[in-house]
Amino acid sequence: MKKLLLTGIFSVFLLGYLFAQSRTISGTVTSSEDKATLPGVNVVAKGTNVGVVTDIEGKYKLSVPAGVTKLVFTFVGFVTQEVEIGNREMIDLALEADTKQLSEVVVVGYGTQKKADITGNIASVSGKEVQNLPVTSFEGALQGRAAGVFIEQGNGKLGQAMKMRIRGASSVSASNQPLFVIDGIPVTSQSQSGSGADTNPLADLNFNDVESFEVLKDAASAAIYGARAANGVVLITTKKGKAGKTKVSINALSGVSNPTRRREFLNAEQYLSFYTEALTNAGFDQAEIDDFFGFYAVDTDFKKREVETNWQNEIFKKNAGFNQLDVSLNGGTDKTKFYLSTSSLDQNGILVGNRFQRQSIRLNLDHSITDKLKIGLNMNFVRSYNRRLAPDNEFSSPMQIVALPPITPVRKKTGQLVDETDGLPYYNPLVELENAYYKTTSFRTFTNSYLSYEITKGLTARGEFGFDMLNQNEDRFQGTVTQAGRGAGGTGVGTSRIVQVLNYTTKAYLNYNKTLSKHAIDITGGMEFQRSQTDRTESQGQGITVDQLQKLVSAPKITSGSSELTGFAFLSYFARANYKFNNRYLVSATVRYDGSTRFGETNRFGTFPSISAGWIISEEGFMKSIKPTLSFLKIKGSYGLTGNAEIGNFSQLPLYNGVGYAEIGGIRPNQLGNPNLKWEKTTQVDLGLEFGLFEDRISGDVTYFQKDTRDLLLNIPIAGTNGFATQFKNIGAMKNWGWEIGINSNNLVGELKWNTSLNMTFPQNQVTDLGGLPIIDTGGSRYMNVAQVGQPIGAFLGVEYRGVDPKNGDALYDLNDGSGATTTSFNTAFRNAKILGNPNPTFYGGITNNFSYKGFDLSIFFQWVSGNQIHNAAGLFMSSSGYYEDNQTTDQLRRWQKEGDITDIPKATYFGGNGFAGRISRHLSDGSYLRLKTLTLGYNVPSNFLKKISLETVRFYVTGQNLLTFTKYTGWDPEVNTDFLATNIFQGVDFYAAPQSKTVTIGLNIGF
């Protein structure tokens, strides 16, 4: 697969130019730096398609049509220049090197820095690269676009949480998600959902408002965020106003979504045949078999084959709609600049009943009161609405409908939905979809303000205050005929949950930068305070007799109620110093001193330093002779310490719960405290090389990294004499290491342009210490993931399935005792259980090819994941050799049926337990995939036409998302992790998880 991904595709294009001759201009093009001639420079008569390319000696000859007054010279790595022709017939030109790429400004913590001067490792993604993609959250848009950044959407439900890992997982118990900072303010990114499935608060951000994303990956770049940087930091910078005429942009897109794949299940005829055999093998006679099928046929005659129900068709929505409208204004004067935008998104999910809506408005203002005093304000107000579905493990989850027999009708003759009260083996999710709702509505405010004053030249003081305020309401109603309603005596059940999160940050810091001859320094230092407070209230009631009365106020009986107030705070001091000598020698150092309320008094504060250095070798004198070929070369390295504070707010404290007996209140101990609890600490080494070839026509970087985490926060077993079973302690260690490669190239320049961007990551992960415990195994009989010393986190532990005994059709398991022997007893084999697979990829990346010709543009983006396995935990039911009544996957058709059959599917026996085990390799699959993630074809209307109708830009485009997927995984989709098991250990598990959506949209962008 790697060969497929890494093989370049090159094409040869023949470009012809047809033009009318008027006069001939000739000349030679050279480099202004070393006077070398430049072959391949594009020379075009401005306003026409007439042009030539300089030859190997840098010479050109161009016939210029009458009326043309200028020539345009363009070449990769050099500044484009327009030259007046006048009366000349010979025009020689020396092009200046374009240092824009090297002087590109990158956002870093508490400031900006020139790209060439950075000694840390920062992945930058422009907002333009991901704008207008048909996804609800920016993480989905960033997927596969940055080396060292692994992003996974666990299923196809809208608004669900997404996993982002920057250079691997560093913790067993604490969060592995990065810190997200929007316009300088750390924001709430943790799910506030009360159900078993996490939602994504980051979906509240309209990423079309984003100017750039910067991912701080190593300690040198991230240590300035100290105790929260072990998992990396994502800096999100929104768009700013620009001085000049107010520009209006209107962008509209509309499209449809469908599942990336459907699974194949037995049809009615196959189901009857399969279960006739399974029941016969279990000792049922024909009368009992007829009763079995008649029970599930519900008001129909299965013998007449009256029913053929494809249950997948009932829950997958065909051509689910997607609509988005964005309007923005950008402009201002030299003193006041503004960016104003509004957006409306409405997306229907591929599953019936799933919908996500978002409306937002943003205003970013910057004003110069004087030449030295500046103020600014960023405000973003968002309302989002998520019509949600039950978690994957609930029978009311739509995907579990596939378990129902195909001989069962969807509705009875009365028109009512068939349910388990009619004989179904399970609850019919359609009953839930038609008679219940589960919706989450949130109101979000992101705000940041600043005051900046230039004390003296090079010395600036800046103060900021911002907050992220989240108000989220979760409402759930289940009507009288639902499973919950029947459990409440045939009455409706209502649940209301309100969450309010106020997260505010204030900071003040100084920045000093100065250049003296060959010396340049840049120093930043300051303090920051953050406090977050969360208030939750939840109540549930029942007894609602009329389904139209769906609010809790209509419930005569309140069955439960709870409330919680929690929070945390950080007090921090930070400093960074950058030094550059002679534009080639670079040194940087950072330090942060963090204090957190989440840790014990003896370890409340921690210090997190880093140091890094770089050498721009291409600036040395001895490189001049090869500089046209090797245009840029830099080596760099860093070492530093970061922390992880993302645990519970009171893990260090002894906790008590309020209790009541006979209406008398009291308290009881709930948690054993640990005053010595401290941060998880990660040391990181980073070694990198950056290069540019042929005047940066090809550029790239190669990096080796190693992260070692110690003092893991684990809830470990303790002696029962304490009155508690577990206690949080700092015990354990883990490491991540690997390689990152990024390559960018301009393959074709001129009227036909082609550029390529490739990123690849080869990560490794290993648990090295669990405080004396050899393993943490909470998978039970169904799930295989463990944390085991010497293995990757979440590794699959189980028994190797060795196929079927040809004599009798019994499943065989490897004894794993060195003898090669097998057994038919799973319990016997499990005594020697071994590691069978790894849910973590060992190779992932993405490749983008962009083409443009005249007004047309085409972008093709492939993304891939390789080296990981997936555990289809639902295979225990849908591929069970007939253990339950569940409809089966079509692979069961190749089951063992007679002596001598060679197959991997055991003999079908109803409730026989043949091969029925969750922790076996039978349900493990290769999770690698290659996906055509995004394809966009656009057309820009010519400007000479637009001027006639007073427009600046008009662009039509078509975008496809997840169009093609190449994989050996036989499940719905290889990008999967079931939502109710989203922990650090439980990864790569598929339990009736919805597939990703394949979306096609058409769009129109108008600017004036």
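Select Leu351 in this predicted model and display its surroundings. Beyond residues up to four places away in sequence, Leu351 touches Lys157, Ile315, Phe316, Lys317, Leu389, Met399 and Ala994. Two of these names, Lys157 and Met399, lead to the next selections.

**The largest nonpolar core**

Which residues have the most contacts inside the largest nonpolar core? They are Leu351, Met399, Tyr783, Phe991 and Tyr992, in a core of 35 residues. Colour helix H7 (311–315), helix H8 (429–435) and helix H11 (875–878) next, since each of the three supplies at least two residues of this core. H11 gives the most, with three residues. A second core, of 27 residues, lies apart from this one; Ala123, Leu202, Val210 and Val215 are among its members. As background, nonpolar side chains in soluble globular proteins tend to be buried together.

**Lys157 and Asp392**

Return to Leu351 and step to Lys157, one of the residues that Leu351 touches. Lys157 sits in the loop that runs between strand E11 (149–153) and strand E12 (162–166). Is Lys157 buried or exposed? Lys157 counts as buried because its relative accessible area is 3%, under the 20% limit. Show the side chains of Lys157 and Asp392: a polar contact joins them at 2.8 Å. With neighbours within four places in sequence set aside, the contacts of Lys157 are Leu351, Asn354, Ala390, Pro391, Asp392, Ser397 and Asp979.

**Gln400**

Keep Asp392 on display and add Gln400, located in the loop between strand E21 (373–387) and H8. What does the side chain of Gln400 reach? It reaches the backbone oxygen of Asp392, at 2.9 Å. Asp392 is thus a stop shared by two selections: its side chain meets that of Lys157, and its backbone oxygen is reached from Gln400. Gln400 is buried, because its relative accessibility is 9%. Outside its neighbours within four places in sequence, Gln400 contacts Asp392, Asn393, Glu394, Phe395, Phe991 and Tyr992. Phe991 and Tyr992 were named above among the residues with the most contacts inside the largest core.

**Helix H5**

Select residues 268–281, which form helix H5. The helix has 14 residues and spans 20 Å from its first C-alpha to its last, close to the 20 Å expected at 1.5 Å a residue. At the start of H5, display Asn267: one of its side-chain oxygens comes to within 3.2 Å of the backbone nitrogen of Glu269. Just after H5, Gly283 adopts a positive phi of about 95°.

Which residues of H5 are buried? They are Ala268, Tyr271, Leu272, Phe274, Tyr275, Glu277, Ala278 and Leu279. When viewing the helix end on, recall that an α-helix has 3.6 residues a turn, so residues three or four places apart point the same way. Add helix H6 (286–297) to the display, as it is included in what covers the buried residues of H5.

**Strands E23, E24 and E25**

Now select strand E23 (residues 459–478) and strand E24 (residues 492–516), which run antiparallel and are joined by 20 bridges. To find the register, mark Leu459, whose bridge partner in E24 is Tyr512. Next, add strand E25 (residues 519–544): E24 and E25 pair in the antiparallel sense over 25 bridges. Here Thr505 may be marked, with Gln530 as its bridge partner in E25. How many residues lie between E24 and E25 in their hairpin? There are two, and Ser517 in the turn has a positive phi of about 55°.

**Two loop residues with positive phi**

Proceed to Phe694, in the loop between strand E32 (680–693) and strand E33 (698–710). Its phi is positive, about 55°, although Phe694 is not a glycine. Phe694 is classed as partly exposed because its relative accessible area is 44%. Then select Asn816, in the loop between strand E42 (811–814) and strand E43 (822–823). Asn816, also not a glycine, has a positive phi of about 55°. With a relative accessible area of 31%, Asn816 is partly exposed.

**Gly658**

The last selection is Gly658, in strand E30 (residues 655–661). Why is Gly658 classed as exposed? Its relative accessible area is 65%, and the class begins over 50%. Not counting residues up to four places away in sequence, Gly658 touches Gly666 and Ile667. A distance label drawn from Gly658 to Asp769 should read 37 Å, C-alpha to C-alpha, for a sequence separation of 111 residues.

Conventions: Residues numbered from 1 in each chain as written. Predicted model: local features only at pLDDT ≥ 70, side-chain atom pairs only at ≥ 80, totals over all residues. Heavy atoms only, no water. Helix = DSSP H or I, 4+ residues; strand = E, 2+ residues; numbered from the N terminus. Expected span 1.5 Å × (residues − 1). Buried < 20%, exposed > 50% of the residue type's maximum accessible area, 1.4 Å probe, protein only. Contact = heavy atoms within 4.5 Å. Polar contact = N/O pair within 3.5 Å; in protein donor to acceptor, adjacent residues only side chain to side chain. Core = buried A, V, L, I, M, F, W, Y, C linked by side-chain atoms within 4.5 Å. Pairing = 2+ DSSP bridges.
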